[in-house]
Amino acid sequence: MTDVSFRNLSKSFGHHRILEDINLDIATGEFVVLVGPSGCGKSTLLRMLAGLETITSGDLVIGGVRANELPPQRRNIAMVFQSYALFPHLKASENIGFGPRIRGETGAQVDEKVKKASGILNLYSYLDRFPRQLSGGQRQRVAMGRAIVREPSVFLFDEPLSNLDAQLRVQMRTEIKALHQRLKSTVVYVTHDQIEAMTMADRIVVMNQGQIQQVGAPLDLYDHPANKFVAGFIGSPSMSFVSGALNATPAATYFQTTDGGRLPLPRKDALQASTIEAGIRPEHFVIGNSDNGMTIKVDVVEPTGSETHVYGSVGSDTVRAVFRERIKVKSGDQLPVTVAPENIHLFDKVTGLPV
């Protein structure tokens with residue numbers, strides 16, 4: 001069953017087009033993440049779903065009902081914002097139960113919903129505290145509890161972790177994913193952090209300049225990007241791109257870099273050699289002195305303990321390589337590397353499409 005559908009949805013502010021012909025179906029119980037750089041339109045799309053922005057053209061369908069003109073309170077959705085938006089003069093329990101209370105539910109009904117939500121979110125110990133007495137993660141859980149008591153068919157999250165420190169973000173994204181697995185509700189989650197997208201989503205929607213670039217499972221997007229933008233955006237550290245051309249011999253086909261390195265490819269005959277560039281994930285560089293390889297001129301080395309990150313260049317292109325082992329390399333070194341043929345992504349340098 002489809003819970004949410006966007007059909008040829010567009011949004012403009014005056015003559016400025018923000019979203020253009022968005023088509024997307026979100027199934028009941030699915031965790032979908034909208035991801036993309038700032039200004040790509042992902043938050044605007046979420047706000048249109050919430051009823052906080054009008055729709056310029058196209059249709060929004062929620063639960064089989066056209067919702068273009070439905071007011072927010074009739075859409076059976078709940079939204080968790082980037083800012084916690086808690087009432088500072090109300091205790092955590094009162095913040096969580098605020099919605100049911102103003103909808104006229106009885107005290108017993110409100111208490112039962114607050115008890116249930118606080119149990120799901122492990123907030124029992126904090127219900128008598130005011131927001132100023134809570135940490136950032138606890139405040140975000142209170143905001144999530146306020147959404148849970150709404151008992152919506154669709155949860156909306158608008159960059160809810162961006163105000164938290166790095167360690168707490170890791171903890172909270174685990175809690176949100178666990179919450180989804182318990183409630184089995186439909187979740188639409190907006191973030192610019194593709195690590196959040198990769199670790200949390202059933203499907204990722206990659207957006208850029210108001211358009212959907214690709215929709216798919218996280219590892220499908222990682223392994224089979226639809227274009228150079230998706231390839232460079234999904235993955236941390238991001239994919240490196242090396243300019244070059246194809247060099248075919250009777251025996252094999254090679255990708256030849258501008259500084260003379262060459263990488264073997266699976267047999268590809270009908271490619272335009274003058275417009276090709278190779279995309280390589282950082283973890284796919286392998287140290288090895290081989291005729292079928294290339295050389296990274298090392299600029300910066302970052303040992304992290306479990307990995308060694310190497311920044312450098314191949315010809316005029318900047319690359320980043322990640323090695324699991326601790327390697328003895330320093331700035332100015334020439335580091336020979338190879339890449340397995342199946343780990344090389346080829347893109348047309350003009351269109352950005354895979355070849």
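Which side chains does a polar contact of 3.0 Å join? They are those of Lys113 and Glu105, where a polar contact is a pair of N or O atoms within 3.5 Å; within protein, one must be able to donate a hydrogen and the other to accept it, and residues adjacent in sequence count only if both atoms are side-chain atoms.

Before going further, a word on the ground rules. This is a predicted model, in which local features need pLDDT of at least 70 and side-chain atom pairs count only at pLDDT 80 or more, while totals for chains, interfaces and linings use all residues. Residues are numbered from 1 along each chain as its sequence is written, and side-chain values use heavy atoms, with hydrogens and water left out.

## The chain as a whole

The chain has nine helices and 20 strands; helices (H or I, at least four residues) and strands (E, at least two) are DSSP runs, numbered from the N terminus. Its C-alpha atoms fill a box of roughly 80 × 45 × 35 Å, taken along the principal axes. Of the 355 residues, 49% are buried, a word that stands for under 20% relative accessible area, with exposed over 50% and partly exposed in between (1.4 Å probe, protein chains only). Contacts, meaning heavy atoms within 4.5 Å, often span the sequence: among those between residues at least 6 apart, 64% join residues at least 24 apart.

## Two buried lysines

Lys113 belongs to helix H4 (residues 107-120). With a relative accessible area of 17%, Lys113 is buried. Leaving aside neighbours within four places in sequence, Lys113 is in contact with Pro100, Glu105, Val149 and Glu151.

Lys11 sits in strand E1 (residues 2-13), and at 3% relative accessibility it counts as buried. The side chain of Lys11 reaches the backbone oxygen of Thr54 at 3.0 Å. Beyond neighbours within four places in sequence, the contacts of Lys11 include His16, Arg17, Thr44, Met48 and Thr54.

Two of those partners, Thr44 and Met48, are also among the buried residues of H1. Helix H1 (residues 42-50) is mostly covered, with seven of its nine residues buried. Just after H1, Gly51 takes a positive phi of about 90°.

## Rings and charges

A search of the whole structure finds six aromatic pairs. Rings of Phe, Tyr and Trp (its six-membered ring) pair if their centres lie within 6.5 Å; planes under 30 degrees apart count as stacked, over 60 as edge-to-face and the rest as tilted. Phe31 and Tyr189 have ring centres 5.9 Å apart and planes at 35°, so this pair is tilted. Phe31 lies in strand E3 (residues 31-35) and Tyr189 in strand E8 (residues 186-191), so the pair ties together parts that are 158 residues apart in sequence. Phe31 is buried at 0% relative accessibility, and Tyr189 is buried with a relative accessible area of 0%.

The rings of Phe241 and Phe347 have their centres 5.9 Å apart and their planes at 70°, so they form an edge-to-face pair. This pair also links distant parts of the chain, with Phe241 in strand E11 (residues 240-248) and Phe347 in strand E20 (residues 345-348), 106 residues apart. Phe241 is buried at 15% relative accessible area, and Phe347 is buried at 1%.

Charged ends also sit over rings, a term used if NZ of Lys or CZ of Arg is within 6 Å of the ring centre and within 35 degrees of the ring normal. The table lists two examples.

| Charged residue | Ring | Distance from ring centre |
|---|---|---|
| Arg262 | Tyr254 | 4.0 Å |
| Arg281 | Tyr222 | 4.0 Å |

Ring pairs also link Phe31, Phe155, Phe157 and Tyr189 into a cluster.

## Empty space

Two members of that cluster, Phe155 and Phe157, help line the largest cavity, as do Ile176, Leu179, His180, Leu183, Ser185 and Val187. On a 1 Å grid over the protein atoms alone, a cavity is a set of points where a 1.4 Å probe fits but cannot get out, and a pocket is an open set with protein on both sides within 12 Å along at least five of seven lines; lining residues have an atom within 4 Å of a point. Helix H6 gives the largest share of the cavity lining, four residues. The cavity's volume is about 50 Å³, where grid points are joined across faces, edges and corners and a volume is the space filled by probe spheres set on the points.

The largest pocket holds about 560 Å³ of space. Its lining has 18 residues, of which Ile77, Ala78, Met79, Arg103 and Arg150 lie nearest its centre.
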